[in-house]
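Below is a short note for a colleague who has not yet looked at this structure. The points are numbered so that each can be checked against the model.

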Amino acid sequence: MSRATGASGGLLGAGAVISCPHGGRAATTTASGSTVLMDGRPVATAAHAYAVTGCPHTVDGVPEPCVSVRWTAGDTGVTADGSPVLLDISAAECFTAAFVPQGPPVVQADRRKVTVR
């Protein structure tokens, strides 16, 4: 894990519960070979892809479910295996299959407080 200055937030691990703004569940689709673990589980990074299932969102009666989450982790200065770690303050957006933004995900983190100095 590498460090720099300026980030403070809850570190997300594989146990974080992530959902779209409409209640669909997001889960990583990337097999983690991470060597950085938190409570024995891989730390979530911006390199992980997330898929959303069960989103009930409709627009004018037409289903427009969220299907993915894209993280823009920004420069927290903390990396795991070369990718920025995800914090509860990391920016993200949920998208439809047509890449229409639907709003930020809701994160109920299984996390640890991390302050980088």
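**Notes on the model**

1. The bridge partner of T28 in strand 6 is Y50. This pair belongs to the pairing of strand 3 with strand 6, which run antiparallel and are joined by four bridges. Strand 3 covers 25–28, and strand 6 covers 50–53. Please keep in mind that the model is predicted.

2. For the overall picture, the protein chain has 15 strands and zero helices. It consists of 117 residues, of which 38% count as buried. Taking contacts between residues at least 6 apart in sequence, 66% join residues at least 24 apart.

3. Strand 3 also pairs with strand 2, again in an antiparallel arrangement, here with two bridges. The two strands form a hairpin with five residues between them, and in this hairpin G23 takes a positive phi near 105°. R25, in strand 3, is the bridge partner of S19.

4. Is S19, a residue of strand 2, buried or exposed? S19 has a relative accessible area of 15%, under the 20% limit, and therefore counts as buried. Beyond its neighbours within four places in sequence, S19 is in contact with G24, R25 and A26, and also with P105 and V106.

5. The largest pocket holds about 210 Å³ of space. Its lining is made up of 16 residues, and those that lie nearest the centre are G13, A14, A16, T28 and Y50. The bridge partners T28 and Y50 are thus both among the residues nearest the centre of the largest pocket.

6. Which strand gives the most to the lining of the largest pocket? That is strand 3, with four residues. Strand 2 (17–19) and strand 3 each supply at least two residues of this lining. By residue type, the lining divides into ten nonpolar, five polar and one charged.

7. The largest nonpolar core has 15 residues, and Y50, V52, V69 and W71 touch the most other members. Strand 6, strand 9 (68–72) and strand 12 (91–95) each supply at least two residues of this core. Apart from this core lies another one, of eight residues, including L11, A80, V85 and L87. Y50 appears in two of these descriptions: in the largest nonpolar core and in the lining of the largest pocket.

8. W71 deserves a separate entry. Not counting residues up to four places away in sequence, W71 touches L12, I18, Y50, L86, S90, A91, A92, P105 and V107. P105 is also listed among the contacts of S19.

9. A47 lies in the loop between strand 5 (41–42) and strand 6. Where S19 is buried, A47 is exposed, because its relative accessibility of 51% is over the 50% limit. Leaving aside neighbours within four places in sequence, A47 is in contact with T30 and S83. A47 and T30 are 17 residues apart along the chain, and their C-alpha atoms are separated by 8.2 Å.

10. To go over the main items again: strand 3 pairs with strand 2 and with strand 6, and strand 3 gives the most to the lining of the largest pocket. Strand 6 in turn supplies at least two residues of the largest nonpolar core.

Methods
Residues are numbered from 1 along each chain as its sequence is written. This is a predicted model: local features need pLDDT of at least 70, side-chain atom pairs count only at pLDDT 80 or more; totals for chains, interfaces and linings use all residues. Side-chain values use heavy atoms; hydrogens and water are left out. On a 1 Å grid over the protein atoms alone, a cavity is a set of points where a 1.4 Å probe fits but cannot get out, and a pocket is an open set with protein on both sides within 12 Å along at least five of seven lines; lining residues have an atom within 4 Å of a point. Grid points are joined across faces, edges and corners, and a volume is the space filled by probe spheres set on the points. Ala, Val, Leu, Ile, Met, Phe, Trp, Tyr, Cys and Pro count as nonpolar, Asp, Glu, Lys and Arg as charged, and the others, Gly among them, as polar. A nonpolar core is a set of buried Ala, Val, Leu, Ile, Met, Phe, Trp, Tyr and Cys residues joined through side-chain atoms within 4.5 Å. Buried means under 20% relative accessible area, exposed over 50%, partly exposed in between (1.4 Å probe, protein chains only). Contact means heavy atoms within 4.5 Å. Two strands pair if DSSP finds at least two bridges between them.
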